Each structure stands twice: as structure tokens, then as C-alpha cells.
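This report concerns side-chain interactions and helix packing. The sequence and structure are shown first.

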Amino acid sequence: QPGRPEIVGCMRSAFARALALDPGIDIGDQTVSGPMTSVTTGYQTDVAASLASARLSYLYLLAGVPGVQAEGLLFDSPTGDYTYLAFGRVIDAVMFVGYLRQTKYLSTAQRRNPDGTITLSAAVAIENDLKATILKYLAGQFNDITVTVDRTNTDGKLKILYAVQPLLYIKQIEGRAGIRQVLTATQTL
């Protein structure tokens, strides 16, 4: 019923937030969307560290910041391409747009080198077309993208590598404090 609170797991709210944001935006980005408005209280917030170390998404409270915050982690190795939900979503979006555009090259004639590989000019033209299309539809969702056509293939198969550089999200802050003493003159006691 509307207005009636219920206790649920965090993933419902986390994915609702994700669906409301563009693919490259992290669900915890407070500058874009602020705290989780549908979540009024965080229970068991002491398990956030355990969930984070297990590479699972979680909600948490942050001292001095109003509302409940979110962290969208995916069960991937710490060095993998899918560590954060935003990374997986932006890669999925890039592959979706890239797939739609790359299909126009099916059964098209491309120039070949004497060894049977695609010519440099044909490969670069395809790369530029795919990159321009992806940038047009997903502007602002990532820092940069490199599209590379495999130039060694000879069997009529177009092999493409999409390398996405996602936006940088600060996930840890290390602040240090100390005393700085500056003596500008000699002291005589």
C-alpha cells in the first residue's frame, strides 16, 4: 500500500536507482541524484564492510551526509571489468549500440591486402564509424572508447574489440594530518 513502509533487501532500491540513471552513472553518485529517497532507514548497516569484501552491493549510512547511500558492486574479481554496477551497465550499453551499428557491415565488400587481411583504410573507416556512433548515443557515459578491428583475420569474419574507459568514481579517501612548524627567525632564550 502506498505510504506503508516495508523491510526489504537493498537490491530492490539499488536496481530502481540504477534504472533511473544513465548507464555510466554510479548509483552512489550523490552529485547526480543524492541519497536513496525511497529508503528511509538502513538496518544492519554494520554488515556493509562484510558485503563490500564479498563484492556484493549494499546500502550504508555516511556520517554527516543525510540519507542512505548505495554502493553497486558486482561479484567480479577486484581487477575485473565488471567490479562496479556502472562498469557493467556502460559496457552493456556500448555493446548494444556497437552491435546495432556493426551489423550494417554483414555481407559488405571490404578491400583486402595481398595476404587476405583487411586493408588499413577499410579497418580504420569501420573503427571510426563505430566509435562515432557510440559517442553519439552514449555521450557523457564514459571517458573514452577505443574501437579496434582485428587486422590479421582472413576468414571473412569481422572481429572488433571495444575498450571502454569508464568514468572515475572515488571509492576511498585517505586524508592525513600533521603539524607543520615553520621557524622564520632564530629564537634566543
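The paragraphs below treat a group of side-chain interactions and then one helix.

The model is a predicted one. Its count of aromatic pairs comes to one. The pair is formed by Tyr-84 and Phe-87 in an edge-to-face arrangement, with the ring centres 5.3 Å apart and 80° between the planes. Tyr-84 also has Lys-171 over its face, at 4.8 Å from the ring centre.

Lys-171 takes part in a further interaction: its side chain is joined to that of Asp-26 by a polar contact of 3.1 Å. Asp-26 belongs to the loop between α1 (10-20) and α2 (30-33). Because its relative accessibility is 3%, below the 20% limit, Asp-26 counts as buried. Leaving aside residues up to four places away in sequence, Asp-26 touches Leu-21, Glu-71, Ala-86, Tyr-169 and Lys-171.

The distances for these interactions are collected here.

| Partners | Interaction | Distance |
|---|---|---|
| Tyr-84 and Phe-87 | aromatic pair, edge-to-face | 5.3 Å, centre to centre |
| Lys-171 and Tyr-84 | Lys-171 over the ring face | 4.8 Å from the ring centre |
| Asp-26 and Lys-171 | side-chain polar contact | 3.1 Å |

Ala-86, one of the residues that Asp-26 touches, is among the buried residues of α4. This helix comprises residues 85-102, 18 residues in total, and spans 25 Å from its first C-alpha to its last, close to the 26 Å expected at 1.5 Å a residue. Other buried positions in α4 include Leu-85, Gly-88, Arg-89, Val-90 and Ile-91. The buried residues of α4 pack against two helices, α1 and α5 (120-137), and two strands, β3 (144-149) and β4 (160-165).

Technical notes:
Residues numbered from 1 in each chain as written. Predicted model: local features only at pLDDT ≥ 70, side-chain atom pairs only at ≥ 80, totals over all residues. Heavy atoms only, no water. Phe/Tyr/Trp six-rings, centres within 6.5 Å; stacked < 30°, edge-to-face > 60°. Lys NZ or Arg CZ within 6 Å of the ring centre and 35° of its normal. Helix = DSSP H or I, 4+ residues; strand = E, 2+ residues; numbered from the N terminus. Buried < 20%, exposed > 50% of the residue type's maximum accessible area, 1.4 Å probe, protein only. Polar contact = N/O pair within 3.5 Å; in protein donor to acceptor, adjacent residues only side chain to side chain. Contact = heavy atoms within 4.5 Å. Expected span 1.5 Å × (residues − 1).
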